[in-house]
Amino acid sequence: MFADYQAEVLRAYYKMKAANQLRTTLIHPTPAHLRDECETVVEKRFQKNDMYALRSFFGEQADQTAYAEAIRNIDIDLFRPLIKLLKGDIKNTDRKNVELLAWLIDYEPRPFRQGDPYAININKRKAPVGPGERTDGPGDMVDIGEQVTDMQPVLTGKPRSMSKARIVVILLGLFFLAGGGTYIFWRINEPGGCMVWTGDHYQPVSCGQKSGEVLVLALDTTRVAHFKKITRPDTITERSVGRVWYSKIDNNVEFFTADGYHPVHVERHLKPLTLYMINKYIRKVN
């Protein structure tokens, strides 16, 4: 049944999310993030067996380049049902949304095929659970000792009182949270506790310094040291794949030395450089 396939795809998503195996665009999905992730995936792994998922969501397109263009021009509101499903706001959605998620997280086997078994039957395995899944015991883990074919919560027994150990953990958490807040307050008020983007690198500045319309950020020494804009794209080669990131905004392509968000268009996440981008943009520069 498709309901079982949907449950398995969602379970795979939550498991990868708990293990920090997803990019930020999928860990914190927004319409813009999902569009950017789709563009990255279609450039990185365009496969024939994914044509059903791509056609159903982005329409019939001629080739990989056409699909990339269709993704860039899509109405991002079309991603909202999938976001609601991932957040647990809805329990079911159109098949095209589930197939798109399976494609994004590289779930196998895909796409859904009628008659294939998808129900879970794993004895005494611990697995992370997501919004709307049933819980049994402390934290966000569940014992899977029977077939699970839906995402309905199951509540059994009486509520258990909070243990002393958990109370201690909560108090310690509040203590460190308060300490962290004090540290952040001290850092942003010390000289050089902030940074600004100068055009090709981050520069430490005092947080009280006036920088006009330039965005002032809390100091990140790692980004100051390692995040640079590559001003000579002709130095980029195939060996840069996996070491260089890029952004494409209004047909303007820029390259950077580290992952993260664009220093000016802070809502746009950078994408890892691919051979496709080298062939289309770098070699044109050369």
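In this predicted model, R268 is buried, at 18% relative accessibility. The cut-off for burial is under 20% relative accessible area, so R268 falls just inside the class. R268 forms a salt bridge with D36, and the closest N and O atoms are 3.6 Å apart. The pair links distant parts of the chain. R268 sits in the loop between β7 and β8, D36 in helix α3, and 232 residues separate them. D36 is buried as well, with a relative accessible area of 2%.

Helix α3 takes part in further charged pairs. E37, in helix α3 (residues 31–44), meets R23 of the loop between α1 and α2. Their side chains form a salt bridge at 2.9 Å, N to O. The two residues are 14 apart in sequence, so the bridge ties together separate parts of the chain. Their exposure is not alike: E37 is buried at 4% relative accessible area, whereas R23 is partly exposed at 22%. E39, also of helix α3, pairs with R72 of helix α5 (residues 64–72), so parts 33 residues apart in sequence are tied together. The N to O distance in this salt bridge is 2.9 Å. Both E39 and R72 are buried. The pair belongs to a network in which salt bridges with shared partners join E39, E43, E69, R72 and K271. In total, the structure holds 17 salt bridges. Side chains of opposite charge can pair when their charged atoms come close.

The chain contains ten helices and eight strands. Of its 286 residues, 40% count as buried. The accessible surface is about 16700 Å², and carbon and sulfur atoms account for 55% of that area. Contacts often span long stretches of sequence. Among those between residues at least 6 apart, 57% join residues at least 24 apart.

Confidence varies along the chain. The average pLDDT is 79, and 76% of the residues score at least 70. Residues 120–158 have a pLDDT below 50. Beyond near neighbours in sequence, this stretch has 73 contacts in the model. Where pLDDT is low, the predicted coordinates should not be read in detail.

Three strands form an open sheet in the order β7-β6-β8, with antiparallel pairing. The edge strands are β7 (252–256) and β8 (271–272), each pairing on one side only. Strand β6 (residues 245–249) pairs with β7 over five bridges. Within this pairing, W245 has F256 of β7 as its bridge partner. D250 lies in the loop between β6 and β7. Its phi is positive, near 55 degrees, although the residue is not glycine. D250 is exposed, with a relative accessible area of 75%.

A second antiparallel pairing joins β3 (residues 194–197) and β4 (residues 202–205) over four bridges. Here M195 has P204 of β4 as its bridge partner. Four residues lie between the strands of this hairpin, where G199 takes a positive phi near 125 degrees. In a regular strand the side chains alternate between the two faces of the sheet.

Near the N terminus, the loop between α1 (2–18) and α2 (24–27) holds N20. N20 has a positive phi near 60 degrees, again in a residue other than glycine. N20 is exposed at 59% relative accessible area. M16 is found in helix α1. M16 and I27 are eleven residues apart in sequence, with a C-alpha to C-alpha distance of 9.2 Å. Not counting residues up to four places away in sequence, M16 touches Q21, L22 and I105.

Two cis peptide bonds occur in the loop between α7 (95–104) and β1 (125–128). One runs from E108 to P109, with omega near 0 degrees. Another runs from R110 to P111, with omega near -5 degrees.

A nonpolar patch lies on the surface. I167, I170, L171, L174 and L177 make up this patch of about 490 Å². L171 is found in helix α8 (residues 164–189). L171 counts as exposed, at 53% relative accessibility.

Methods. Residues numbered from 1 in each chain as written. Predicted model: local features only at pLDDT ≥ 70, side-chain atom pairs only at ≥ 80, totals over all residues. Heavy atoms only, no water. Pairing = 2+ DSSP bridges. Patch = residues over 30% accessible without salt bridge, like charges linked within 9 Å, V, L, I, M, F, W, Y side chains within 5 Å. Areas by Shrake-Rupley, 256 points an atom, 1.4 Å probe, with all protein chains shown as cover. Salt bridge = Lys/Arg side-chain N within 4 Å of Asp/Glu carboxyl O. Buried < 20%, exposed > 50% of the residue type's maximum accessible area, 1.4 Å probe, protein only. Contact = heavy atoms within 4.5 Å. pLDDT = per-residue confidence, 0-100.
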